[in-house]
Amino acid sequence: MTAGTETARQLPVADRAAVRRAAWGLIRADGRAMVGLLLLSSLAVAAGLAPPWLLGQIINRVRAGDGAGSVDSLTAAIVGFAVLQLVLVRFARYAAHRFAERALVRIRASFVDRVVALPTAVVERAGTGDLMMRSTGDVAAVGSAVGYAAPDVLIAALQVAFILVAVFVVSPLLGLCGLVGLPMMWLVARWYLNRSRIAYLAEGAARSALADDLAGTVAGARTVEALRLQRRRVDSGNRRIVAGYGTQLRTLFLRNVLYPVIDFAHSLPVAVMLFLGGLCYVHGIVTLGAVVAATLYMRQLVDPLDIALQWMEQLQQSGASLARLEGIGQVAITEPAMGREPADDRLVATALHYTYDGHHDVLHGVDLAVRPGERLAIVGPSGAGKSTLGRLLAGIDTPGSGTVTLGGIPLDAVPADELRRLVVLVTQEHHVFLGSLRDNLAIAAPQADDDELLAALDAVEAHWVRELADGLDTELGGNGQVLDVAAAQQLALARVVLVDPHTLILDEATAMLDPTTARQAERSLGAVLHGRTVIAIAHRLQTAHDADRIAVIDGGTITEVGSHRELVAAGGGYAALWRSWHGR
Ligand code: ADP
């Protein structure tokens, strides 16, 4: 796999505008709470401004020779405001965290909805690593940003704004000193932000690529072992680690420039203010109280700026994470707003072309009309394109050109829910989901009651279910009951019975099973096939022999179509296969 095709397969990442829209959407969704939060935070910040000003007043009064009484009341006011600020900050934080929790629930719910709606083909092509990274690392990053960073930064931003206004009110001249560090901070922050998004996205992509690589090695462990590919897989993992290390060095460099400059920019205004404030006081331009108050304000500025800085990096990282989560919503889901209902059960493929790599067609103009109610076997050598054709007929992949229609409607114009109900592809992968047996069946038919679920299990001869102590409540997967291959297949087939599609496409349904299991599986399958149109991708010629019609596919085109008898009589490729298989 080359790097080029790999990036082409990656899931999309949303641009800045889309991320801003998403963030704004989260605020608007809980608008009143946000307004309340802003008010509460503003009050808390305003309460924090009083003590330095009061302290300035105390100094001025003492210098003017006022009595202890006025100093006492000012001191009491300082204590009062400090306590008030403490209480208000506590409530503001509480309100912010509640707001954040609700926002987080919205983010998680919309992410799950989007992932569930992703076309299977997109998930398969994207690789599980990327999707896994987005659903774990990225959701956690956004979660902690929304839960912790955003509330702190909001309060810090208000503090900065209020403090700067307060310094100007105390003394416009000293206020100007307070601005000395800001351009420097602004410039370095911009420098950092302009580079860090790309750098963090690259870091995230490198982590996903490594996870993909490892997941691929683990999933294909047998193949790796059989073909002695260990060395190559380790090398490939190492290459990804080195690439990941490079991206981490880059983000480290950005932080190494940012932090020292910001530290310097913090101290500069305080130093300038002390120096100029002292000069001004000596020349009688400002009072001593004003210098003290303004300097204290400048000291107060350090904390919120530090908090903002501390979180800026995390906000930046989670901005990249949010972009990756939002990107999932940008996968073109070819589901039309107004789907159309197929008129009947006729499945027709016309001039199908399909390519996996964008260059070489694996199907070259396949035409095939499936007759409702028939058993159609598709046979042909390995790699001829049988499975690909099966996926196109089921509407799981979309042909590069040509169409597959159901009842006269192109498959991609049939609403996805409807299509899932009408045509089902059964492969040899039978996933058992973590949850109860009932949950595993209800995926196919959420409305079905227990009797219907048990009837579906009976139909596929899954009699073992009757012996389970907890019946439908038996937990499967994880620490629960382990199902063997045949039982897992029966479960999958029971789901098919519940969905009750008119057309079934069977791909290698029994090919990988041992003979005893295969016979049992075939019996289960027999009950499911009854009364439906069946397209069987046949790996044993016996299946073809029993079918109503056989389509022979070779090198991506259909070379022969007919009944077993007709094809044997015609003496073509199928007849040769049959003779060699039958030893005649
Ligand atoms: P069959 O089912 O007849 O064995 P397939 O439809 O699986 O054939 O494959 C047809 C061709 O497409 C083969 O050359 C195969 O290597 C290629 N192919 C199948 N799946 C993929 C895939 N996911 N990515 C790239 N090439 C593929």
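A crossing of two helices is right-handed if the near helix is turned clockwise from the far one by less than a right angle, and left-handed if anticlockwise. This is a predicted model, in which local features need pLDDT of at least 70 and side-chain atom pairs count only at pLDDT 80 or more, while totals for chains, interfaces and linings use all residues. Residues are numbered from 1 along each chain as its sequence is written, and side-chain values use heavy atoms, leaving out hydrogens and water.

Q: In which hand does α2 pass α4?
A: Helices (H or I, at least four residues) and strands (E, at least two) are DSSP runs numbered from the N terminus. Helix α2 covers residues 16–29 and helix α4 covers residues 68–117. The crossing of α2 past α4 is right-handed.

Q: At roughly what angle do the axes of α2 and α4 cross?
A: L26, I27 and A29 in α2 meet F99, A103, R106 and I107 in α4, where contact means heavy atoms within 4.5 Å. Axes are lines fitted to C-alpha atoms, for helices over the stretch in contact, with angles from 0 to 180 degrees between N-to-C directions. The crossing makes α2 oblique to α4; angles under 35 degrees count as roughly parallel, over 145 as roughly antiparallel, 65 to 115 as roughly perpendicular and the rest as oblique. The two axes come within 10 Å and cross at roughly 125 degrees.

Q: Which element gives the largest share of the largest nonpolar core?
A: A nonpolar core joins buried Ala, Val, Leu, Ile, Met, Phe, Trp, Tyr and Cys residues through side-chain atoms within 4.5 Å. The largest one has 33 residues, and V167, L258, M273 and L301 have the most contacts inside it. Two or more residues come from each of α6 (128–170), α7 (172–178), α8 (182–219), α10 (230–282) and α11 (288–328). The largest share, 10 residues, is that of α11.

Q: Which strands stand at the edges of the six-stranded open sheet?
A: The order in this sheet is β6-β9-β10-β3-β11-β12, with mixed pairing; two strands pair if DSSP finds at least two bridges between them. Each edge strand has a single partner, so one side of it is left without a neighbour in the sheet. The edge strands are β6 (423–426) and β12 (557–562).

Q: Which residue in β12 stands opposite I550?
A: Strand β11 spans residues 549–554 and pairs with β12 in the antiparallel sense over five bridges. Opposite I550 stands G562.

Q: Is E429 buried or exposed?
A: E429 is found in the loop between β6 and β7 (435–436). Buried means under 20% relative accessible area, exposed over 50% and partly exposed in between (1.4 Å probe, protein chains only). At 71% relative accessibility, E429 counts as exposed.
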